[in-house]
Amino acid sequence: MKLKAKADGPITFRELFKKGDTPIKLSYIFMGTANLLNGQIIKGLAFLALEIGFVAWLVVNGFHALSMLQSLGTKSQGWVMDESLGIEVQQPGDNSMLLLLFGIAAIILIFLFVFLYIVNLRSARKIFTLKQAGQSLPTLKEDLNSLLNEKFYITLMSIPLLGVLAFTILPLLYMISIAFTSYDHNHLPPKNLFHWVGFANFSNVITGDIAGTFFPVLTWTLIWAVLATATTFFFGILLALLINAKGVKGKKVWRTIFVITMAVPQFVSLLLMANLFNGSGPVNAMLQNWGLIDQPIPFLTDALLAKVTVIFVNMWVGIPVTMLVATGIITNLPTDQIEAAEIDGANKFQIFRNITFPQILFVMAPSLIQQFIGNINNFNVIFLLTGGQPANSNFHSAGETDLLVTWLYKLTVTAADYNLASVIGIIIFVLSAVFSLFAYTRSSSFKTEGA
């Protein structure tokens, strides 16, 4: 009597093991056995070769990588006396950085093997189902044809997925893992070892010695993100409305003038602005020559003025972008609503508040959220304009205008406190992800997405 699959789907792997024949059962131990003993030689050999290769790697390197992942090394590099030579020679030691990397890579490889093992069982289940139904098994040519037709998406995605694992998932897991270690300037490999410290780094950042730097930098980061986003958004819309207003001549010329700032590379504009607002720069020199000031204005060296300056310069860089987007929206707004409002006696401000602005905001809400997150991570404006300066002796490797992302850079490149930098990176990610989800799910664009 032929076995029928359950109405709600294929049989489970447990049922397959109970009711399958010997080749099916052997596939649970030796991958590809069901394929080999049912005429699918190449496919079976491929599964078996992958299993043999995995077991060989596990014995030669895998178990060692996993065991060393627990301690991250026990033998430090140093100098020992060589009695035969009569001099001190360097003794090689463990490299905690490589041990952490290899350990994470080993875990990823194990998960990959588990996935291939499940693919092997699915192949055995397909053989069992076809044989129960009295159908012929697909040949190698038919399997290859399916990978170029109905399963072509698997063929296209396989290489990119391997690239994502190697160049995205592995570095991301490595960065996250560093947040739970003592990898700082006192424990730099290969000379020194670092070890697991649990959540001590998070505690240090939030409630410990680094909290005096973290919370002021976090506060300024949020203030900067809000002001930088709001100013470029509202002034960009205002500029678009002014250029597109009736009676304005040379609209194309005005748009071109403002778009020129986008044509110039951003880092060039920012470095130019840094020179303009320098203590001995053209702006201060011009004001002094006119007799308006006696001493140079500390645009970039005073804490408050430096923050105002970076917001002002960011407006110069960001307003044209918003202006272009808003112009496209304004020129496509339905004129019948505006004409009806004008007939009813509405003034320009009422039309803008109740018709124009809501429709612009509806279209630009996702872009506005993206701009806010981009400003949280806006490295270029701060680093190229002020470099995080002016300095603050109470901060750990941070200046008055540093954002979390520029502070992270300094912790990594200057201070070599990689564990703290990793913690800051995780906090930035959580902050950005939570805000994005919260803001977007409550925007009108999301609520009316189905419509």
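Helices here are DSSP runs of H or I that cover at least four residues, and they are numbered from the N terminus. That is the sense in which Thr33 belongs to helix H3, residues 33-36. Everything shown in these close-ups comes from a predicted model.

**View 1. Thr33 in helix H3 and its surroundings.**
Let us start with Thr33, which sits in H3 (residues 33-36). Its relative accessible area is 10%, so Thr33 is buried. Setting aside neighbours within four places in sequence, Thr33 touches Pro23, Leu26 and Ser27. Asn120 also belongs in this view: 87 residues separate Thr33 and Asn120 in sequence, while their C-alpha atoms are 9.2 Å apart in space.

**View 2. Leu72, a residue with positive phi in a loop.**
Here we move to the loop that joins helix H4 (41-71) to strand E1 (78-82), where Leu72 is found. Leu72 is not a glycine, yet its phi is positive, near 60°. Is Leu72 buried or exposed? With 0% relative accessibility, Leu72 counts as buried.

**View 3. The packing of helices H7 and H18.**
This view brings together H7 (residues 152-178) and H18 (residues 418-441), whose axes are 7 Å apart and meet at an angle of about 115°. H7 is therefore roughly perpendicular to H18. The two helices cross in a left-handed manner. On the H7 side, the contact involves Met175, Ile176 and Ile178; on the H18 side, it involves Tyr418, Asn419, Ser422 and Ile426. Sorted by type, the residues of this contact comprise 5 nonpolar and 2 polar, with no charged ones.

**View 4. Two cis peptide bonds, each leading into a proline.**
Pro190 is located in the loop between H7 and helix H8 (200-206). The bond that leads into it from Pro189 is cis, with omega near 5°. Pro390 lies in another stretch, the loop between H16 and H17. The peptide bond from Gln389 to Pro390 is cis as well, and its omega is near 5°.

**View 5. The packing of helices H10 and H13.**
How are two packed helices described? The angle between their axes and the distance between the axes do the job. For H10 (residues 251-263) and H13, the angle is about 130° and the axes are 8 Å apart. H10 is therefore oblique to H13. The crossing of H10 over H13 is left-handed. From H10, the contact draws on Arg255, Phe258, Val259, Thr261 and Met262; from H13, it draws on Trp316, Pro320, Val321, Met323, Leu324 and Thr327. By type, the contact of H10 with H13 holds 8 nonpolar residues, 2 polar ones and 1 charged one.

**View 6. Thr322 within helix H13.**
Staying with H13 (residues 303-330), we come to Thr322. Thr322 has 2% relative accessibility and so counts as buried. Which residues does Thr322 contact, apart from its neighbours within four places in sequence? They are Thr232, Phe233, Gly236, Ile237, Met364 and Gln371.

**View 7. Helix H17 and the loop that follows.**
Six names mark the buried part of H17 (residues 404-413): Leu404, Val405, Thr406, Trp407, Lys410 and Leu411. The elements that cover these buried residues include H9 (211-244), H15 (348-376), H16 (379-385) and H18. Beyond H17, the loop that leads to H18 contains Ala416. Ala416 has a positive phi near 60°, although this residue is not a glycine. Its relative accessible area is 13%, so Ala416 is buried.

**View 8. Annotated segments mapped onto the model.**
This last view follows the unreviewed UniProt entry, which lists "transmembrane region" at several segments, including residues 41-60, 152-181, 257-277 and 418-440. In the model, the segment 152-181 is 90% helix and 0% strand, and its end C-alpha atoms are 43 Å apart. The segment 257-277 is 86% helix and 0% strand, with 22 Å between its end C-alpha atoms. The unreviewed UniProt entry also places "domain: ABC transmembrane type-1" at residues 218-439. This span is 74% helix and 0% strand, and its end C-alpha atoms lie 19 Å apart.

Definitions and conventions:
Residues are numbered from 1 along each chain as its sequence is written. This is a predicted model: local features need pLDDT of at least 70, side-chain atom pairs count only at pLDDT 80 or more; totals for chains, interfaces and linings use all residues. Side-chain values use heavy atoms; hydrogens and water are left out. Axes are lines fitted to C-alpha atoms, for helices over the stretch in contact, and angles run from 0 to 180 degrees between N-to-C directions. Angles under 35 degrees count as roughly parallel, over 145 as roughly antiparallel, 65 to 115 as roughly perpendicular and the rest as oblique. A crossing is left-handed if the near helix is turned anticlockwise from the far one by less than a right angle, and right-handed if clockwise. Contact means heavy atoms within 4.5 Å. Ala, Val, Leu, Ile, Met, Phe, Trp, Tyr, Cys and Pro count as nonpolar, Asp, Glu, Lys and Arg as charged, and the others, Gly among them, as polar. UniProt positions are given in the numbering used here, feature names are shortened, and annotations may be inferred rather than shown by experiment. Buried means under 20% relative accessible area, exposed over 50%, partly exposed in between (1.4 Å probe, protein chains only).
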